[in-house]
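I opened this notebook to keep track of what I look up in the structure, one topic at a time. Each entry gives what I asked for and what came back.

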Amino acid sequence: MRVSVLFVAMTAAALFAAPSMAQTPADLTQFTSSCQGGQAFLLGEVPAGVDSASILTPLCGCLTTAFAELPQKDVDMLAADLRGEGTDAAHTAHGDYAGLTERARGGLTTCFASPDVAAAMAAAQPPADPAPADPMAPATPQ
């Protein structure tokens, strides 16, 4: 009987403690800000005339959603990387930086493939230069 009372008491304590053990959602404010300034990291060199913000806005929105379930230390590390402040020492101290980069790569791949980001990238393309005229072609068709 004592064992069953103890078991019931432990089970009840675990059930009441479960909500407090749940992970607090990460604060993504710094990540979002870093993402909006992360053109070089996320997009590389953007052609002249392309408004990188038109791509970063939907991309960063998607990434913020994709990373919403990550622990705060992961979000902070990704934000530091976007700002160019992620050092080898910080990556080592993180503990599972290789796993984090794999999760981040997956989120980035998914977001670049999303319809909103794909449409923004297509719309942001500078107009194609017209083909140069063939100097050997006749001026008027014959």
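**Entry on His-94.** I began with the question of whether His-94 is buried or exposed. In this predicted model, His-94 has 8% relative accessibility, and because buried means under 20%, the residue counts as buried. I then looked for its place in the chain and found His-94 in helix 6, which covers residues 88–94. Leaving aside residues up to four places away in sequence, I listed what His-94 touches, and the list reads Lys-73, Asp-74, Met-77 and Leu-100. I also noted one distance: Lys-73 is 21 residues from His-94 along the chain, and their C-alpha atoms are separated by 7.6 Å.

**Entry on the whole protein.** After that I stepped back to see what the protein is built from, and I counted eight helices and zero strands. Read from the N terminus on, the elements run α-α-α-α-α-α-α-α. Of the 142 residues in the protein, 27% are buried. I looked up the surface as well, and the protein exposes about 9700 Å², of which carbon and sulfur atoms supply 65%. Turning to contacts with a separation of 6 or more, I found that 65% of them are between residues 24 or more positions apart.

**Entry on the nonpolar core.** I kept in mind a general tendency here, namely that in soluble globular proteins nonpolar side chains tend to be buried together. I asked how many residues the largest nonpolar core has, and the number is 22. Those with the most contacts inside this core are Phe-31, Cys-35, Leu-42, Leu-59, Leu-63, Phe-67 and Leu-78. The elements that give two or more residues to the core are helix 2 (29–36), helix 4 (52–66), helix 5 (72–82) and helix 7 (97–113). Helix 5 gives the most, with six residues.

I picked out Leu-42 from the core and wrote down its contacts, again not counting residues up to four places away in sequence. Leu-42 touches Cys-35, Leu-56, Leu-59, Cys-60, Leu-63, Leu-82, Leu-108 and Phe-112.

**Entry on two residues of helix 2.** I compared notes on Phe-31 and Ser-34, since both are found in helix 2. Phe-31 is buried, with a relative accessible area of 2%, and Ser-34 is buried too, with a relative accessible area of 5%. Without residues up to four places away in sequence, the contacts of Phe-31 are Leu-63, Thr-64, Phe-67, Val-75, Leu-78, Ala-79 and Leu-82. With the same kind of neighbour left out, Ser-34 touches Ala-79, Leu-82 and Arg-83.

I added a distance for each of these residues. The C-alpha atoms of Phe-31 and Leu-78 are separated by 7.1 Å, although the two residues are 47 residues apart along the chain. For Ser-34 and Leu-82, which are 48 residues apart along the chain, the C-alpha separation is 5.8 Å.

**Entry on the largest pocket.** My next search was for empty space, and I reminded myself that rolling a probe the size of a water molecule over the atoms shows where such space is left. The largest pocket holds about 180 Å³ of space. It is lined by 13 residues, and the closest to its centre are Phe-41, Phe-67, Leu-78, Ala-104 and Leu-108.

Which elements supply at least two residues of the lining? I found helix 3 (39–43), helix 5 and helix 7, with helix 7 giving the largest share, five residues. Sorted by class, the lining has ten nonpolar, one polar and two charged residues.

**Entry on Ala-104.** I closed with one of the residues closest to the centre of the pocket, Ala-104, whose place is in helix 7. Its relative accessibility is 14%, so Ala-104 counts as buried. Beyond residues up to four places away in sequence, Ala-104 touches Phe-67 and Leu-78. I also checked Ala-104 against Ala-66: the two are 38 residues apart in sequence, and they lie 8.7 Å apart in space, C-alpha to C-alpha.

Methods
Residues numbered from 1 in each chain as written. Predicted model: local features only at pLDDT ≥ 70, side-chain atom pairs only at ≥ 80, totals over all residues. Heavy atoms only, no water. Core = buried A, V, L, I, M, F, W, Y, C linked by side-chain atoms within 4.5 Å. Buried < 20%, exposed > 50% of the residue type's maximum accessible area, 1.4 Å probe, protein only. Helix = DSSP H or I, 4+ residues; strand = E, 2+ residues; numbered from the N terminus. Contact = heavy atoms within 4.5 Å. 1 Å grid on protein atoms, 1.4 Å probe; cavity = no way out; pocket = protein on both sides within 12 Å on 5 of 7 lines; lining within 4 Å. Points joined across faces, edges and corners; volume = space filled by probe spheres on them. Nonpolar A, V, L, I, M, F, W, Y, C, P; charged D, E, K, R; others polar. Areas by Shrake-Rupley, 256 points an atom, 1.4 Å probe, with all protein chains shown as cover.
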